[in-house]
Amino acid sequence: MTEVAEQSKGRRSGGIVIADDWPGYSLDLFSYPAHYCGDLECVIVPHGLIKDRIERLARNIMHDLGDHDIVVLCVLKGGYQFCADLVDEIKALSCSSDRTIPMRVHFIRLKSYMNDKSMENLEIVGAEDLSFLSGKNVLIVEAIVGTGKTMRTLLDHVEAFRPKMIKVAGLLVKRVPHSSPCVPNYVGFEIPDRFVVGYALDYNEYFRDLNHICVISESGKMKYRI
């Protein structure tokens, strides 16, 4: 039977909590691509803080899973930067400590948003046959978890291939109404219910080239709406 290690709804996720009334950092304090001028409200998580937090998450994962072979399941497209940086940190720890984590990385793609609205039907690409996960320890790496419905659907899909264990690393957990109890085991930041972009998170494929995690402005939504 698969061990699905997810946290209960009432339990603190362990991420850095960003309050609902946090106004964010002024854009004037940071460098960002000039072509996004006017498209952003504020920086909510600076790039340097993201990197520091990922280093801590890697240490937590090493503590829990060290000396276990794992398959990292990277959720594209938004999760590619988080996954790459997290894997790099785990590799560095494997070279500098007496514990190690042999890793394989597999990629799947989820499509669940049109503009800033969640779609009813979730597309999972590249996950048709995950039979190689049978009996394996799986670490799902996702950039952002909102209501939890998408993650629950993915977990159900992965569980069907009978892995030994599943854990989830989520860079961001968004506080949204009617969220499910599907909270990642490793959380970077808990954020307000605002639409964020950057660090590979997109709005209709734009903003992936932005290092910081920012709140998109209403004019930005209109500009890139499809």
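# Close-up views of the predicted model

**Figure 1. N204 sits in a loop and is buried.** N204 counts as buried at 17% relative accessibility, because the cut-off for this class is under 20%. The model shown here is predicted. N204 belongs to the loop that runs between β10 and β11. Its phi is positive, near 50 degrees, and the residue is not a glycine.

**Figure 2. D67 also has a positive phi.** Here the angle is about 75 degrees, again in a residue other than glycine. D67 lies in the loop between α1 and β4. How much of D67 is accessible? Its relative accessible area is 48%. D67 is therefore partly exposed, as the limit for exposed is over 50%.

**Figure 3. A cis peptide bond links L76 to K77.** The omega angle of this bond is near 0 degrees. K77 is placed in the loop between β4 and α2.

**Figure 4. The chain as a whole, for orientation.** The chain has four helices and 11 strands. Of its 226 residues, 48% are buried. The exposed surface comes to about 11,100 Å², and carbon and sulfur atoms supply 51% of it. Many contacts join distant positions: of those with a separation of 6 or more, 71% are between residues 24 or more positions apart.

**Figure 5. The largest nonpolar core has 36 residues.** Which residues have the most contacts inside this core? They are I61, F82, L86, L171, L172, V196 and I213. Several helices and strands give two or more residues each: β3 (40–45), α1 (47–65), β4 (70–76), α2 (80–96), β7 (137–145), β8 (165–174), β9 (186–191) and β11 (213–216). The largest share comes from α1, with seven residues. In soluble globular proteins, nonpolar side chains tend to be buried together.

**Figure 6. F82 and its contacts, with a second core beyond.** Neighbours within four places in sequence are left aside in this view. F82 then contacts I54, L57, V141, E142, A143, A169, G170, L171 and Y199. Another core lies apart from the largest one. This other core has 21 residues, including L73, L110, L154 and V187.

**Figure 7. Three strands form an open sheet.** Their order is β3-β11-β10, and the pairing is antiparallel. Which strands are at the edges? They are β3 and β10 (196–197), each of which pairs on one side only. β3 is mostly covered, with five of its six residues buried.

**Figure 8. Bridges on both sides of β11.** Four bridges pair β3 with β11 in the antiparallel sense. V45 has I213 of β11 as its bridge partner. V43 has C214 of β11 as its bridge partner. How many bridges join β10 to β11? There are two, and these strands also run antiparallel. On this side, C214 in β11 is the bridge partner of V197. V196 stands opposite V215 in β11.

**Figure 9. W22 and Y25 form an aromatic pair.** The chain has seven aromatic pairs. In the pair shown, the ring centres are 5.1 Å apart and the planes meet at 80 degrees, an edge-to-face arrangement. Are these two residues buried or partly exposed? W22 has 28% relative accessibility and counts as partly exposed. Y25 is partly exposed too, at 31% relative accessible area.

**Figure 10. Y36 meets Y224 across the sequence.** The ring centres lie 6.4 Å apart and the planes are at 75 degrees, so this pair is edge-to-face. Where do the two rings sit in the chain? Y36 is in the loop between β2 (16–17) and β3, while Y224 is in helix α4 (residues 218–224). They are 188 residues apart, and the pair links distant parts of the chain. Both Y36 and Y224 are buried. Ring pairs join Y36, Y206, F207 and Y224 into a cluster.

**Figure 11. Helix α3 has buried residues on one side.** In α3 (residues 149–159), the buried residues are M151, L154, L155 and V158. Why do they count as being on the same side of α3? They cover an arc of only 100 degrees around the helix axis. One of them, L154, also appears in the core of 21 residues.

Key: Residues numbered from 1 in each chain as written. Predicted model: local features only at pLDDT ≥ 70, side-chain atom pairs only at ≥ 80, totals over all residues. Heavy atoms only, no water. Core = buried A, V, L, I, M, F, W, Y, C linked by side-chain atoms within 4.5 Å. Buried < 20%, exposed > 50% of the residue type's maximum accessible area, 1.4 Å probe, protein only. Contact = heavy atoms within 4.5 Å. Areas by Shrake-Rupley, 256 points an atom, 1.4 Å probe, with all protein chains shown as cover. Pairing = 2+ DSSP bridges. Phe/Tyr/Trp six-rings, centres within 6.5 Å; stacked < 30°, edge-to-face > 60°. Arc of directions from axis to C-beta.
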